[in-house]
Amino acid sequence: MRLALVFSGQGGQRPEHLARLRREAPADLAPALARSLGGLWQADPADGDALAANAIAQPLIFGLQMSQWARLRPLLPRPVCAAGYSLGEMAAAAAAGAFPAPAGVELCAERAALMDAATPGPSGMLAVLGLEATTVADIAGRAGLAVAIRNGPRHLVLAGPADRLDGAEAEALARGASRTVRLAVRTPSHTAVLAAAGEAFGRRLAEWPDGRLDFPVLSAIDGLPARTRGAAFAALARQIGSALDWEACMATLAEMQPDAVLEIGPGNALCRLLAELAPDLPARACDDFRSLEAAAAWVRSLER
C-alpha cells in the first residue's frame, strides 16, 4: 500500500477546529499550544477573524495536524512521501521525523513572529483563477504585487500590500478571470519581501541535528524530495521568501504512484486542486469523513 500525505496551509481554520484541538490534543502537545495560543486556548474567539492572525493561525493549524497525525499514524501504512502547502510543509516535516510535534508548535510560533516582523505594512494574498500565467504576472507587475504561488496553469496567487489587491482584483476580473478569492492570510507570504524572515528561520532550524527522515518530504517550491532533516530545513527556510510551485510538487507526488492520497486539514482544498491536476489519483481529506478512523478505513480499502 503506497500512501501519500498532504498537509493544508492557512485559510481553512475555523472555530470548530480550535474546539476539536482542545478536546483531542495529545497530552504532550497541549502545554505548547497553551503557550502559543494564549487566551484562545481557554476561550472561544468572538469570531473566526481572530484565527486569521499569523501568530494564532500557524501554531493552531500545525497543532491540529499533528494531533490528527498522532491518531492516524498507528492506523495507516508508512507513507511513501508527504507534502505541505506553505505552512503545511512544517507538518509534513514533523510527520517525517524532522522534529517533535511540541517543538514544532514553538517553531511555528517563531515562524509567524519572524514573518510578521518582516512585513512592512498591511498585506494580503489574492487567488486568481481562469487567466494565463503571463496575464496574471502582468497584472501583478502593474499593481506592485508578486506572484507567490502557482497552483495550476490558470490558478495563481498574488501577494503584497493590502491596498493594492483591490486594483489587481478588479483588473483580473475585467480581463476575464473566472474567479478571485481573498485568502485569510495577512502577510506577503512566499515573496522576496520575507526573504530576511526565511534566512532567520533557517538559522533557527540549523540548531536541530541532521539525520534521515522517515519518508521523503516534497518541497512546495519545486517538488524536490528531501530525505534528510537538513534538506527539509533548507526548503522550509527558503519557501518563506520564495514563490511556491504547488503544481510541480503535485506532479512529483503523482510520479511516486501512490495508491491513496490523504489530506490532513483543515479543509479539503488540496484534494480539490489535486483532482484538477491528477484526476486519476484517489484523494480524500480527513475533514470529509465523520471520523479519523473512517478516513483510515478508506485508505485501507484501497490496498491492492
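**Pockets, a covered strand and some charged pairs**

In this predicted model, five elements each supply at least two residues of the lining of the largest pocket: β3 (123-129), β4 (146-152), β5 (155-161), β6 (179-182) and α11. Helix α11 gives the most to that lining, with 5 residues. The pocket itself has a volume of about 730 Å³. In total, 32 residues line it, and Q10, Y85, L183, A269 and R272 are the ones that lie nearest its centre. Sorted by class, the lining of this largest pocket comes out as 15 nonpolar, 12 polar and 5 charged residues. How is such a space found at all? Rolling a probe the size of a water molecule over the atoms shows where empty space is left.

Next comes the second largest pocket, which holds about 170 Å³ of space. Its lining is made of 15 residues, and M66, W69, R73, A94 and A101 are the closest to its centre. Two elements give two or more residues to this lining, namely α3 and α4 (88-95). Of these, α3 gives the most, with 3 residues. As for the classes, the lining of the second largest pocket has 11 nonpolar residues, 1 polar residue and 3 charged ones.

Helix α3 is also where I61 is found. Is I61 buried or exposed? With a relative accessible area of just 1%, I61 is buried, because the cut-off for that label is under 20%. Measuring from C-alpha to C-alpha in the model, I61 and G39 sit 16 Å apart in space, and along the sequence they are 22 residues apart.

Back to α11, this time for the strands around it. Helix α11 (residues 269-277) teams up with β10 and β11 to make a right-handed β-α-β unit. Strand β10 (residues 260-264) is mostly covered, as 5 of its 5 residues are buried. What about its two faces? Both are covered: on one side A260, L262 and I264 are all buried, and on the other so are V261 and E263.

Which strands does β10 pair with? Strand β1 (residues 3-7) is one partner, joined to β10 by 5 bridges, and the two run parallel. In this pairing, F7 stands opposite I264 in β10. Strand β11 (residues 283-285) is another partner; it runs parallel to β10 and is joined to it by 3 bridges. Here E263 stands opposite A285 in β11.

Now for the charged pairs. Side chains of opposite charge can pair when their charged atoms come close. How many salt bridges does the structure hold? The count is 16, and a few of them are worth a look.

One of them brings together the side chains of R71 and E24, at 3.0 Å from N to O. R71 lies in helix α3 (residues 54-72) and E24 in helix α1 (residues 15-24), so this pair ties together parts that are 47 residues apart in sequence. Both partners are partly exposed: R71 has a relative accessibility of 30%, and E24 has a relative accessible area of 28%.

Another salt bridge joins the side chains of E110 and R204, with 2.8 Å from N to O. Since E110 lies in helix α5 (residues 101-118) and R204 in helix α8 (residues 195-205), the parts tied together by this pair are 94 residues apart in sequence. Again, E110 is partly exposed, at 29% relative accessible area, and R204 counts as partly exposed too, at 24%.

In a third case, the side chains of E171 and R142 meet at 2.9 Å, N to O. E171 belongs to helix α7 (residues 165-174) and R142 to helix α6 (residues 133-143), so the pair ties together parts that are 29 residues apart in sequence. Are these two partners buried or exposed? E171 counts as buried, at 18% relative accessibility, whereas R142 counts as exposed, at 59%. This pair also has company: salt bridges that share partners join D138, R142, E171 and R175 into one network.

Technical notes: Residues numbered from 1 in each chain as written. Predicted model: local features only at pLDDT ≥ 70, side-chain atom pairs only at ≥ 80, totals over all residues. Heavy atoms only, no water. Salt bridge = Lys/Arg side-chain N within 4 Å of Asp/Glu carboxyl O. Helix = DSSP H or I, 4+ residues; strand = E, 2+ residues; numbered from the N terminus. Buried < 20%, exposed > 50% of the residue type's maximum accessible area, 1.4 Å probe, protein only. Pairing = 2+ DSSP bridges. Right-handed = clockwise from strand over helix to strand, strands pointing away. 1 Å grid on protein atoms, 1.4 Å probe; cavity = no way out; pocket = protein on both sides within 12 Å on 5 of 7 lines; lining within 4 Å. Points joined across faces, edges and corners; volume = space filled by probe spheres on them. Nonpolar A, V, L, I, M, F, W, Y, C, P; charged D, E, K, R; others polar.
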